[in-house]
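Reader: I have a structure open and I'm not sure how to read it. Can we go through it together?

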Amino acid sequence: MKKKFYAYFLENESRNGICETWDECKAIVHGKKARYKSFPSLEEAKDWLTQGAKYEKKLSEELFKIKVDKEKLRSQLREGIYFDSGTGRGIGVEVRVTDLSGRSLLDESSIKFKINQFGNLHLGHDRTNNYGELVGLFLALDIAIQRGEKHIFGDSNLVIFFWSKGIYRKENLNEKTISLIEKVVEKRKEFEKIGGKIEYVSGDVNPADLGFHK
């Protein structure tokens, strides 16, 4: 049997040490407020004590922290129009535009199209997610201008910081995407002339999230 070393720290006595058997360690820590751990080498046991005899955070604790952080980020979201594109439902690309509560706003668009049973625009399997994000911003701009809304949020860096500003490489895109980019660029200029702003929001907390990030 491979030898182990048992390091312990008695919290109330601020005393620590290393034992070569579990029985010896157990006798020291029994009934006391203590932290203890086994190690395959003496050096690792010493390192653990030197670093404060701290336990590593359990996965559940890490997941709880992530959940709390997300809830904090959600609480900081502002009123505005949110857009997203995703394939999370498994039926191809969908586009969603919502308010802060996640309620679909697509029926307010001046551009008429069929909205599916989920309140989204279904583009299908022959469109990329990036194209869907571009469509989402175009529709969000259209709705925002009609509403007089000054804030739009999305989670696509490519669409927000490049394509909608006219920054793209023609040789990498098809004619339909380029045509839509040019329309979005003009729509963005119109929106920004009335004081509108387009900002990035994490996909994890985007009220319009369609599951592409999960």
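Author: What follows is a short walk through some helices, cysteines, salt bridges and odd backbone angles. This is a predicted model, in which local features need pLDDT of at least 70 and side-chain atom pairs count only at pLDDT 80 or more, while totals for chains, interfaces and linings use all residues. Residues are numbered from 1 along each chain as its sequence is written, and side-chain values use heavy atoms, with hydrogens and water left out.

Reader: OK. Which residues are buried in helix 1?

Author: Helix 1 covers residues 22–29, and its buried residues are Cys 25, Ile 28 and Val 29. Buried means under 20% relative accessible area, exposed means over 50%, and partly exposed is in between (1.4 Å probe, protein chains only). Helices (H or I, at least four residues) and strands (E, at least two) are DSSP runs, numbered from the N terminus.

Reader: Why are those three on the same side of helix 1?

Author: They cover an arc of only 85° around the axis, which puts them on the same side. The arc is that of the directions from the helix axis to the C-beta atoms. In general, an α-helix has 3.6 residues a turn, so residues three or four places apart point the same way.

Reader: And what do the buried residues of helix 1 pack against?

Author: They pack against strand 1 (5–10), strand 2 (15–19) and strand 3 (34–39). Contact here means heavy atoms within 4.5 Å. On the face turned away from the buried side, helix 1 carries the exposed residues Asp 23 and Ala 27.

Reader: Which residues are buried in helix 2?

Author: In helix 2, residues 42–50, the buried ones are Ala 45, Trp 48 and Leu 49. Their arc around the axis is only 95°, which puts them on the same side of helix 2. They pack against strand 1, strand 2 and strand 3. Glu 43 and Thr 50 are exposed, on the face turned away from the buried side.

Reader: Back to Cys 25. How many disulfides does the structure hold?

Author: Zero. A disulfide is a pair of cysteine sulfur atoms within 2.5 Å. For Cys 19, the closest cysteine sulfur is in Cys 25, 4.9 Å away, which is too far for a bond.

Reader: Is Cys 19 buried or exposed?

Author: Cys 19 is buried, with a relative accessible area of 2%. Cys 25 is buried too, at 0%.

Reader: Changing topic. How many salt bridges are there?

Author: A search of the whole structure finds 13. A salt bridge is a side-chain nitrogen of Lys or Arg within 4 Å of a carboxyl oxygen of Asp or Glu. One of them joins Glu 13 and Lys 32, with the closest N and O atoms 3.4 Å apart. Glu 13 is in the loop between strand 1 and strand 2 and Lys 32 in the loop between helix 1 and strand 3, so the pair ties together parts that are 19 residues apart in sequence.

Reader: Where do Glu 186 and Lys 189 lie?

Author: Both are in helix 6, three residues apart, about one turn of the helix. They form a salt bridge, and their closest N and O atoms are 3.6 Å apart. Glu 186 is partly exposed at 47% relative accessible area, and Lys 189 is partly exposed at 44%. Elsewhere, salt bridges that share partners join Glu 11, Lys 33 and Arg 35 into one network.

Reader: What about Glu 94, buried or exposed?

Author: Glu 94 is buried, with a relative accessible area of 1%. Its side chain meets that of Arg 89 in a salt bridge of 2.8 Å, N to O. Arg 89 is partly exposed, at 37%.

Reader: You mentioned odd angles. Which phi does Ser 14 have?

Author: Ser 14 has a positive phi of about 50° although it is not a glycine. Ser 14 sits in the loop between strand 1 and strand 2 and is exposed, with a relative accessible area of 58%. Ala 53, also not a glycine, has a positive phi of about 50°. Ala 53 is in the loop between helix 2 and helix 3 (59–75) and is buried, at 1%.

Reader: Last one. Where is Arg 188?

Author: Arg 188 is in helix 6, residues 175–193. At 7% relative accessibility, Arg 188 counts as buried. Leaving aside neighbours within four places in sequence, Arg 188 is in contact with Leu 141, Ile 160, Ser 164, Lys 165 and Ile 198.
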